[in-house]
Amino acid sequence: MALLTLDHARLRFGGIVALDDVCLEVAEGSIAGLIGPNGAGKTSAFNAITGLYRLDSGDIRFAGRSLRRVRPSRVIRLGIARTFQNLELFPTLTVLENVLVGAHASSRFRSERERRREALQTLAEVGIAEHAARRAAGLPYGTLKRVELARALASRPRLLLLDEPAGGLNHEEVDELAGLIRRLRGERELTILLVEHHMRLVMELCERVHVLDFGRTIAAGSPAEVQRDPAVIQAYLGGELAA
């Protein structure tokens, strides 16, 4: 059963077509990938799902409910959280305070003490509890990526959108990230949609991969099927997927 559906989604900015009749389904409990060259429309899709952009036509449904007219703050409360390609943390706040920002988005009926306890548990879950009292400014990049992940998890999502989670990480950190994402999916019963340029991570993690190019879906299938698809290989101009 699909938890998230994009149904003939269209999005334009003047003469630029960001999403062109995109159809996409993400099964509940799965890890799905959304890939494509730069400018393919991947982040635009995330922004439309989370209410930052409004579709010109088509629909986005989450657990059977249309999101077309839902405010971003309401999208979070429905159970969708995301990370960003470029870190969107507050550098002068502590790691714990950054995570509490995410917790406040969906915790109107929880006490401050309960929110702090859960935030500390989330930091432990992603392996950075020892940094809770440190300011975000000056922490290693890989640690900051985990802070942002913890902040997204603090809102207790059903659907987690990860935008380039491996960006800027070394090989060892990418391997650790893969294990962490698998563990979080199992322990939290998450559904995950992953935008990523790190093809090895995508092919190892994802059960189904959707490929965009110039705002259109050019392929969808298992990682093995997508890797062999001539349209995908052409879109990447003989790059990593064709190797």
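Buried, as used here, means under 20% relative accessible area, while exposed means over 50% and partly exposed is what falls in between. Keep that in mind for what follows, and keep in mind too that this is a predicted model.

**Two buried residues**

Start with Thr 94. At 14% relative accessibility, Thr 94 is under the 20% cut-off and so counts as buried. It's a loop residue, found between strand 6 (80–82) and helix 3 (95–104). Which residues does Thr 94 touch, once those up to four places away in sequence are set aside? The contacts are Ala 132, Ala 133, Arg 134, Arg 135 and Ala 136.

Leu 24 is the other one to look at, and this time we're in a strand: strand 2, residues 16–27. Leu 24 has a relative accessibility of 5%, so it counts as buried. Again leaving out residues up to four places away in sequence, Leu 24 touches Leu 4, Thr 5, Leu 6, Leu 34 and His 210. If you'd like a distance to check in your viewer, try Leu 24 to Gly 51: they sit 27 residues apart along the chain, and their C-alpha atoms are separated by 17 Å.

**Two positive phi values**

Now for some backbone. Most residues other than glycine have a negative phi. Arg 156 has a positive one, near 55°, and it isn't a glycine. Glu 189, also a residue other than glycine, has a positive phi near 55° as well. Here's where each of them sits:

| Residue | Phi | Loop between | Relative accessible area |
|---|---|---|---|
| Arg 156 | near 55° | helix 5 (141–153) and strand 7 (159–163) | 47%, partly exposed |
| Glu 189 | near 55° | helix 6 (171–188) and strand 8 (191–195) | 69%, exposed |

Why does Arg 156 count as partly exposed? Its relative accessible area is 47%, which lies between the 20% and 50% cut-offs. Glu 189, with 69%, is over the 50% mark and is therefore exposed.

**A positive patch**

On to the surface. Which residues form the positive surface patch? Four arginines do: Arg 65, Arg 71, Arg 74 and Arg 77. Let's zoom in on Arg 71, which is placed in the loop between strand 5 (65–66) and helix 2 (72–78). Is Arg 71 buried or exposed? Its relative accessibility is 55%, so Arg 71 counts as exposed.

Note on methods. Residues are numbered from 1 along each chain as its sequence is written. This is a predicted model: local features need pLDDT of at least 70, side-chain atom pairs count only at pLDDT 80 or more; totals for chains, interfaces and linings use all residues. Side-chain values use heavy atoms; hydrogens and water are left out. Patches are made of residues with over 30% relative accessible area and no salt bridge: like charges are joined within 9 Å, nonpolar side chains (Val, Leu, Ile, Met, Phe, Trp, Tyr) within 5 Å. Accessible areas come from the Shrake-Rupley method with a 1.4 Å probe; for residues, only the protein chains shown count as cover. A salt bridge is a side-chain nitrogen of Lys or Arg within 4 Å of a carboxyl oxygen of Asp or Glu. Lys and Arg count as positive and Asp and Glu as negative; His and the chain ends are not counted. The place of a charge is taken as NZ of Lys, CZ of Arg, CG of Asp or CD of Glu. Helices (H or I, at least four residues) and strands (E, at least two) are DSSP runs, numbered from the N terminus. Buried means under 20% relative accessible area, exposed over 50%, partly exposed in between (1.4 Å probe, protein chains only). Contact means heavy atoms within 4.5 Å.
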